Amino acid sequence: MSINISADKGTVPAFIQESWKRCHSKGLQPSTMDKEDMLGAFELAEYHDQYAELLYHSSPILEEVHSSINGLESILLLAAPEGYIIETVGDPAFVRHADNVSLRKGANWLEESKGTNAIGTAIIEKKPVLIHGNQHFHQDNHFLTCAASPIYHPDGHLLGVLNLSSHQQNYHPFSISLVQRVADSIKQALLLSHSQKREKNLYFIYDQYPDPLITLDKEGKVTNLNIAASKVIGTLKKPIPNIISRLDPLVLEQKISIKDQEYTVQTLGKNIENQSSVILRLKKQKLNDGLTNRYQFTDIISNDPQMNQTISIAKRAATLDISLLITGESGTGKELFAQSIHGVSLRSDKPFIAINCSAIPENLLESELFGYEKGAFTGAKSGGHKGKFEAADGGTLFLDEIGDMPLPAQATLLRVLQERCVTRVGGHASIPIDVRVIAATNKDLQKEIEAGEFRADLFFRLCGLSLKLPNLRSRKDLLLLAEYILEGLAYKSEHTELTHEAKTFILEYSWPGNFRELQNVLGQAAFLADNGPITRDLLEALCPVSSITLEEKANADREPRNFREQETKLIRNALERTNGNISNAAKQLDIGRNTLYRKMKKYGMNFQKVRDS
């Protein structure tokens, strides 16, 4: 049965009236709708890659729903959060009608493009909506009745929008409930998939956890060890010290001695009645309240000439009590070097304190570095608090990500380095400190100085000597590092080895995350290989698609190095062929004119030399 809905202001929902106002404010006209905001074939493929997981889990559900409403002229649509339709399932007869208003794959249905509509309005309202007949802003869409519901990722962010459209005479009040239930089904499918992945990842995390982890059953018998625990007490194939087996998992914290080393044992799970096992964590008791360094130069694996030279310079610099600045990309081992330098310095028996300058809010950074007096601010400890400089007195202070330190804190840091004393926040007394500072950054501080984001005088104060760490892709010992990582994995088997093609991939890939990425990828690959060899296909699946091969590097001057450069080149070539005509260039590129304008703006391309028609 069909139902007519009046468009009178008194009967139109408030959220639709608000949508109409937004459309008017953007200059949209009810009689004219933009039908050119379309994704080209390459762009649509990009969206399919980006939302592959959503498409994988939603496609069978959409097919099932469509078969259940077969006979009703309608179309089910799946749109990305950006408003672009990325999947359609529908009755062929109605699909032809929908195509007349660009209700098809690749079209953008945000409000700013198509006015008030279920997809665009659901994205703004963040809830299921029903838009019927002349509630659509554009007259071309008045023949439609549409219901849409957002689809949320298990972590809470908007992943897409599900839409059901049909002729307005097919309106049914339960259509909004239907799309909401289907959207929930898709979310549940995603949640189940993530739970399965999470369970598999937990095993990986357990093995890679830096502290020793021991799993006991209800009787107190050791059933599992992670890599760190195996290094401390052996493997399950060897006798486990009796003291471990006698630990009481119901006691939250205990102290034991293994091989003349004191450990604190913490229970991570203690609900023995409902769990078949419990995990214990061993924390080594260290001098100086646990603030000494963990790494030495012997922990740096290298057979690369450039890295070996850097290690040699670092060892010589360690004996000199001067400030050091370590530069290099993320994951190249800057803290590893800082701790190694401290370990052979004259301050090695004193604390090594590290602080990440980018991880602490700007308003708290100075109190973390220099401490504060009681009552200095709301929430301050009653007895005040000593900062990292005081904690590192006599030892080494490692300032990681120094390039992200805000300018006010830079000024205070410079004064402390010059005067060799700190004044706590809210205090007046100067406290003498004797600290060696090692700073590190992945930024180009010279460029930061030119941009006014970093003080030149602080740079020269920190840079008593500069150490630049090579990135992984330029090193000559990639395969040595890969074999070293695999050798340290406790769960690898005798068949866990790199195929020839996998080794070739390791040498070709750009490794933007450097050693940290190589370690992560190989750890996952060894686990997923399931006691088999590690193949190139497996490594490629675990790495971003933006890898740079050696051949691409060799052709860098002649060919674009990445998708952005490729797309920019295609746009420029099209504009040159069409003498700057936007409409003709967009047709050649198989994209909408508005999409071309948006990409030109994104890539900073000149609009002055182009024309609209």
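# Asking how we know: a predicted model

Q: Where is Ser 367 found?
A: Ser 367 sits in helix H12, which covers residues 362-370. Keep in mind that this is a predicted model.

Q: Does Ser 367 count as buried or exposed, and how do you know?
A: Buried means under 20% relative accessible area. Ser 367 comes in at 8% relative accessibility, so it counts as buried.

Q: What does the side chain of Ser 367 reach?
A: The side chain of Ser 367 gets to the backbone oxygen of Leu 364, at 2.8 Å. A polar contact needs a suitable pair of N or O atoms within 3.5 Å, so 2.8 Å meets that distance limit.

Q: What is notable about the phi of Trp 511?
A: Phi of Trp 511 is near 50°, which is positive in a residue other than glycine. Most residues other than glycine have a negative phi.

Q: Where is Trp 511 found, and does Trp 511 count as buried or exposed?
A: Look in the loop between helix H18 (500-508) and helix H19 (514-528). Trp 511 has 0% relative accessibility, and the cut-off is under 20%, so it counts as buried.

Q: How do you know which category of accessibility Asp 590 falls into?
A: Its value is 48% relative accessibility. Partly exposed covers what lies between the buried limit of 20% and the exposed limit of 50%, so Asp 590 counts as partly exposed. Asp 590 is in the loop between H23 and H24, and its phi is near 60°, again positive in a residue other than glycine.

Q: Which residues of helix H23 are buried?
A: In H23 (residues 582-589), they are Ile 582, Ser 583, Ala 585, Ala 586 and Leu 589.

Q: Why do the buried residues of H23 line one face of the helix?
A: Seen down the axis of H23, these residues fall within an arc of 165°, so they line one face. Among what covers them are helix H22 (563-577) and helix H24 (593-602).

Q: What makes Asn 581 a cap for H23?
A: A side-chain oxygen of Asn 581 lies 3.1 Å from the backbone nitrogen of Ser 583, capping the N-terminal end of H23. The limit for a polar contact is 3.5 Å, so 3.1 Å is within it.

Q: What is the order of strands in the open sheet of 5 strands?
A: The order is E2-E1-E5-E4-E3, and the pairing is antiparallel.

Q: Why are strand E2 and strand E3 called edge strands?
A: E2 (85-90) and E3 (129-132) each pair on one side only. From one strand to the next, the twist averages 20°.

Q: How do you know that E3 and strand E4 pair?
A: Two strands pair if there are at least two bridges between them. E3 and E4 (residues 144-152) are joined by 4 bridges, so they meet that rule, and they run antiparallel. Val 129 stands opposite Ala 148 in E4.

Q: How many bridges join E1 to E5, and how many do E4 and E5 have?
A: E1 is joined to E5 by 6 bridges, while E4 and E5 pair over 9. With a minimum of two bridges, both counts qualify, so each is a pair. Ser 74 has Ser 166 in E5 as its bridge partner, and Ser 149 stands opposite Leu 162 in E5.

Q: What do E4 and E5 form?
A: They make a hairpin with 5 residues between them, and Gly 156 in the turn has a positive phi of about 110°.

Q: What makes E5 mostly covered?
A: Of its 10 residues, 9 are buried. Helix H4 (residues 92-99) lies across E1, E2, E4 and E5, and runs at about 105° to E5.

Q: Which residues have the most contacts inside the largest nonpolar core?
A: They are Leu 103, Trp 109, Ile 119 and Val 161, in a core of 30 residues. Helix H1 (14-25), E1, H4, helix H6 (118-125), E3 and E4 each supply at least two residues of this core.

Q: What is Ile 119 in contact with, leaving aside its neighbours within four places in sequence?
A: Its contacts are Leu 77, Ala 79, Ile 85, Trp 109, Ala 148, Val 161 and Asn 163. There is also a second, separate core of 29 residues, including Phe 389 and Leu 462.

Conventions: Residues are numbered from 1 along each chain as its sequence is written. This is a predicted model: local features need pLDDT of at least 70, side-chain atom pairs count only at pLDDT 80 or more; totals for chains, interfaces and linings use all residues. Side-chain values use heavy atoms; hydrogens and water are left out. Buried means under 20% relative accessible area, exposed over 50%, partly exposed in between (1.4 Å probe, protein chains only). The arc is that of the directions from the helix axis to the C-beta atoms. Contact means heavy atoms within 4.5 Å. A polar contact is a pair of N or O atoms within 3.5 Å; within protein, one must be able to donate a hydrogen and the other to accept it, and residues adjacent in sequence count only if both atoms are side-chain atoms. Axes are lines fitted to C-alpha atoms, for helices over the stretch in contact, and angles run from 0 to 180 degrees between N-to-C directions. A nonpolar core is a set of buried Ala, Val, Leu, Ile, Met, Phe, Trp, Tyr and Cys residues joined through side-chain atoms within 4.5 Å.
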